[in-house]
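Work through the exercises below with the structure open beside you. Try each task before you read its solution.

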There are 2 protein chains.
Amino acid sequence: MISCEIVSVGTELLLGDIVDTNAPYLSRELAAMGIAVLHRSTVGDNAGRLRDAVELALSRSDIVLLTGGLGPTADDITKEVCAQVMGFELVRDEESENAMRAFFKTRGRPMPESNLKQADVPLGGIVFRNDHGTAPGAAMERDGKCVILLPGPPNEMRAMFTDKVKPYLAAKTTGVIVSHTVRTMGIGESDMAERVAPLLEGSNPTVAPYAKQGEALLRVTAHADTAAQAEAIIAPALDEIRSILGGYIYGIDVADIQHAVVQGLLEKKLHVATAESCTAGYISKRITEVAGASDVFACGLVTYSNDMKEKLLGVRHETLAAHGAVSAETAAEMAAGVKRVSGAEIAVAVTGVAGPGCSENKPVGLVYIGIADRDGVRTVRFETGRKDREFNRYVTASRALHLVWQSIQNY
Amino acid sequence: MISCEIVSVGTELLLGDIVDTNAPYLSRELAAMGIAVLHRSTVGDNAGRLRDAVELALSRSDIVLLTGGLGPTADDITKEVCAQVMGFELVRDEESENAMRAFFKTRGRPMPESNLKQADVPLGGIVFRNDHGTAPGAAMERDGKCVILLPGPPNEMRAMFTDKVKPYLAAKTTGVIVSHTVRTMGIGESDMAERVAPLLEGSNPTVAPYAKQGEALLRVTAHADTAAQAEAIIAPALDEIRSILGGYIYGIDVADIQHAVVQGLLEKKLHVATAESCTAGYISKRITEVAGASDVFACGLVTYSNDMKEKLLGVRHETLAAHGAVSAETAAEMAAGVKRVSGAEIAVAVTGVAGPGCSENKPVGLVYIGIADRDGVRTVRFETGRKDREFNRYVTASRALHLVWQSIQNY
């Protein structure tokens, strides 16, 4: 089994200013490819310590994967240090230089000449173009060892890893690893794990439960010589999971609930509209993360105040006075209101207390969701059980999206 | 200056199943105490590799701080390995044993005898009681070096660090580190770095540029005997940065642009309303991330389709027909429309092409932002220069928030 060590570079990491999400992402991706990650380390923007870290990593791992320190400033030294350690010369790459000049030109800003150091690449190495930023990545091979450089910004790093580095590494590994992720909503991780307990004992496929932002997931992974063989190993486990978890599953290998919703709306040629109070645009923002959402998203109204709930959504003054903004009655009228305004087949409305403070003497985490579709209007009450504003808003948006998904299944 | 190395222990970290938030937390806390963290590493539950990691850390740092691997199961080996490396004998600690038995009794659960291994502590070492769980922490000193063991669960770790380890470490250190972060918008990282280049050479204070999601930041850090002395060292550098970067700075030590916006609106008792097309709720979602936003956020209208732009915002049919939805004219009418509907003093509207595909034959990344305030309506055109939908939406929302921030400054 090939081994890989991840080295995260950046003084801002060592100061704790940012949390390193790149290393866990790469750990997961490499594990799924059958590459063992036995060490991870973090060093600051210091040439001596970085050199030591790279040399140590090379002494015990086949592949050393570094993130960060490829930028234009003087403290970006990852490429220079690694080239020196691996004995590669850095040369100006014309294609990268041109791309960089074009990038600045589009933005109508002058390009500082210092920026060009990003266009230096290791002579005789492999260059990974950066489709989402200016600094290219690279790979340098020597004596059966390999050093790979990736940019630090997560969006650039992930895209480059997926599109360029993964295929490059795949050629170095034997056999394939295939993985499917079952996504559920409405069931806790430990409850789910107990129900599928016998499956968790297996070694090929492995079935691993995990929790992510209020959702419980199961990852089913098999290794085999070919993808078809791996799929054949996985199929019976997936069937069993489907029969055990049935109604809780909203998708397999779907990115998230908003992708499941947009896909469902597109398939059935339906439209959705949103009326949001405590989530205040989070639901519409998530729906429209999905490319193609413009064909299914009618409109969204963010009505924080009672005044706007009356004016834009037609919620009755008496309803707000009698039951308050955070109530089933208000959620129902908000949903009916935005359905009427938009003409969408399905409308969802949310009102609740995101925190940190309570409002209307109602507890933090209390939420009412209204759904209006061809079966009429219904509401769901739930409590997130937490005081964390961001968590409460995210989970509320997820729950609302899940109710839209369930409504779609009835069309 | 005392140096400390953080070693995070756990195979689940190396697999990427969980993100390590302990290490950044400890990094921040240690930096604030004036303790330099120059290395961080992560190892799995493997005795040989853990021993190597601890020995390496001891060879280059004064203090080695480990988190995780203190639990009751067979793969929890941190204490055993560290005691061996430091030459300490482990003995059963009666107080910990009694606390453990009491803990299980309260919960009405039988205690597995294997659990008692958590009550073993290094003879001659320092024991840190765990007020939030069963595994105690410990410190072992030898030859001027020190190994500190902390539990892995973040709530247990943070409480033990704050209440027990911090006072223990404070006795070993002199001086403090103070850091301020200058946040800018509208200037690139390399451009900013060039303008403040002479400041980047200093060692106390240090000035370090970095980029984060389309923004350029500068961190100014000083160490001194007292916080007041550190502030006095920082002040002239901050003054110089202010005079060089002036208009680009939207805040110092403010969390992000949405916090700056909400703070500004609260101070001047103003309200904002949003009309969003391509960002589709991202702006309102970000404004309302800030607790207290309900006092300043009037309403938000997400109008993806031309139809909804006409119906909800009063954009004229002729405007859309003549210039298209992605145009300065439409952005201006959207802003004016939502200002009228909401009654807010400041209104911002966004229309653009988020990608991946182009629309109306306009390029991906092209955005028009309209601002309506007491000075009338004006528009800004810009191109993000990228094809990444999520990036384009985030940066567009940031730019729109920055325009709102600039408008607030004129009140």
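The exercises that follow concern a predicted model.

**Exercise 1. Get an overview of chain A.**
Task: State how many helices and strands chain A has, and what share of its residues is buried.

Solution.
- Step 1. Count the elements. Chain A has 14 helices and 17 strands.
- Step 2. Take the extent. Along the principal axes, the C-alpha atoms of chain A fill a box of roughly 75 × 55 × 40 Å.
- Step 3. Look at burial. Of the 411 residues in chain A, 51% are buried.
- Step 4. Look at the contacts in chain A with a separation of 6 or more. Residues 24 or more positions apart account for 65% of them.

**Exercise 2. Find the buried face of a helix.**
Task: Decide which residues of α3(B) are buried and which exposed residues lie on the face turned away from them.

Solution.
- Step 1. Check the length. Helix α3 of chain B covers residues 47-60, 14 residues in total. From first C-alpha to last it reaches 20 Å, close to the 20 Å expected at 1.5 Å a residue.
- Step 2. List the buried residues. They are Leu50(B), Ala53(B), Val54(B), Ala57(B) and Leu58(B).
- Step 3. Look down the axis. The buried residues of α3(B) fall within an arc of 130 degrees, so they line one face of the helix. The general rule helps here: an α-helix has 3.6 residues a turn, so residues three or four places apart point the same way.
- Step 4. Turn to the face away from the buried side. Gly48(B), Glu55(B) and Ser59(B) are the exposed residues there.
- Step 5. Find the cover. The elements over the buried residues of α3(B) include β1, β2, β3, α4 and β8 of chain B.

**Exercise 3. Treat a second helix in the same manner.**
Task: Compare the span of α9(B) with its expected value, then find what covers its buried residues.

Solution.
- Step 1. Helix α9 of chain B (residues 257-268) has twelve residues, which should span 16 Å at 1.5 Å a residue. The end C-alpha atoms of α9(B) are 17 Å apart, which agrees.
- Step 2. Buried residues of α9(B) include Ile257(B), His259(B), Val261(B) and Leu265(B).
- Step 3. Among the elements covering the buried residues of α9(B) are β12, β13, α10 and α14 of chain B.
- Step 4. Look just past the helix. Lys269(B) follows α9(B), and its phi is positive, near 55 degrees.

**Exercise 4. Trace a sheet through both chains.**
Task: Give the strand order of the ten-stranded sheet and name its edges.

Solution.
- Step 1. The order is β17(A)-β16(A)-β15(A)-β13(A)-β14(A)-β14(B)-β13(B)-β15(B)-β16(B)-β17(B). The sheet is open and its pairing is mixed.
- Step 2. β17 of chain A and β17 of chain B are the edge strands, since each pairs on one side only.- Step 3. From one strand to the next, the twist averages 10 degrees.
- Step 4. Add the helices of chain A. Helix α13 (residues 328-342) packs on the sheet, and its direction makes about 145 degrees with that of β15(A). Helix α14 (residues 389-409) lies across β13, β15, β16 and β17 of chain A, at about 155 degrees to β15(A).

**Exercise 5. Follow the pairing around β16(B).**
Task: Work out how β13(B) and β15(B) pair, and how β16(B) pairs with β15(B) and with β17(B).

Solution.
- Step 1. β13(B) and β15(B) pair in the parallel sense over five bridges. Here Ala273(B) stands opposite Ala347(B).
- Step 2. β15(B) and β16(B) run antiparallel, joined by six bridges. Val348(B) faces Ile371(B) as its opposite in β16(B).
- Step 3. β16(B) and β17(B) are also antiparallel, over eight bridges. They form a hairpin with two residues between them. Asp373(B) has Gly376(B) as its bridge partner.
- Step 4. Check burial. Eight of the eight residues of β16(B) are buried. Leu366(B), Tyr368(B), Gly370(B) and Ala372(B) point one way, while Val367(B), Ile369(B), Ile371(B) and Asp373(B) point the other way.

**Exercise 6. Describe the contact between the chains.**
Task: Find how many residues each chain gives to the contact and which element of chain B supplies the largest share.

Solution.
- Step 1. Chain A gives 58 residues and chain B gives 58 residues.
- Step 2. On the side of chain B that touches chain A, β2(B) supplies the largest share, seven residues.
- Step 3. Sort that side by type. It divides into 28 nonpolar, 16 polar and 14 charged residues.
- Step 4. Look at β2 in both chains. Five bridges join β2(A) to β2(B), and the two strands run antiparallel. Thr42(A) stands opposite Arg40(B).

Terms used:
Residues numbered from 1 in each chain as written. Chains lettered and ligands numbered in written order. Predicted model: local features only at pLDDT ≥ 70, side-chain atom pairs only at ≥ 80, totals over all residues. Helix = DSSP H or I, 4+ residues; strand = E, 2+ residues; numbered from the N terminus. Expected span 1.5 Å × (residues − 1). Buried ≥ 20, exposed ≤ 12 C-beta atoms within 10 Å, placed from the backbone. Arc of directions from axis to C-beta. Contact = placed C-beta atoms within 7 Å. Pairing = 2+ DSSP bridges. Axes fitted to C-alpha atoms, helices over the stretch in contact; angles between N-to-C directions. Nonpolar A, V, L, I, M, F, W, Y, C, P; charged D, E, K, R; others polar.
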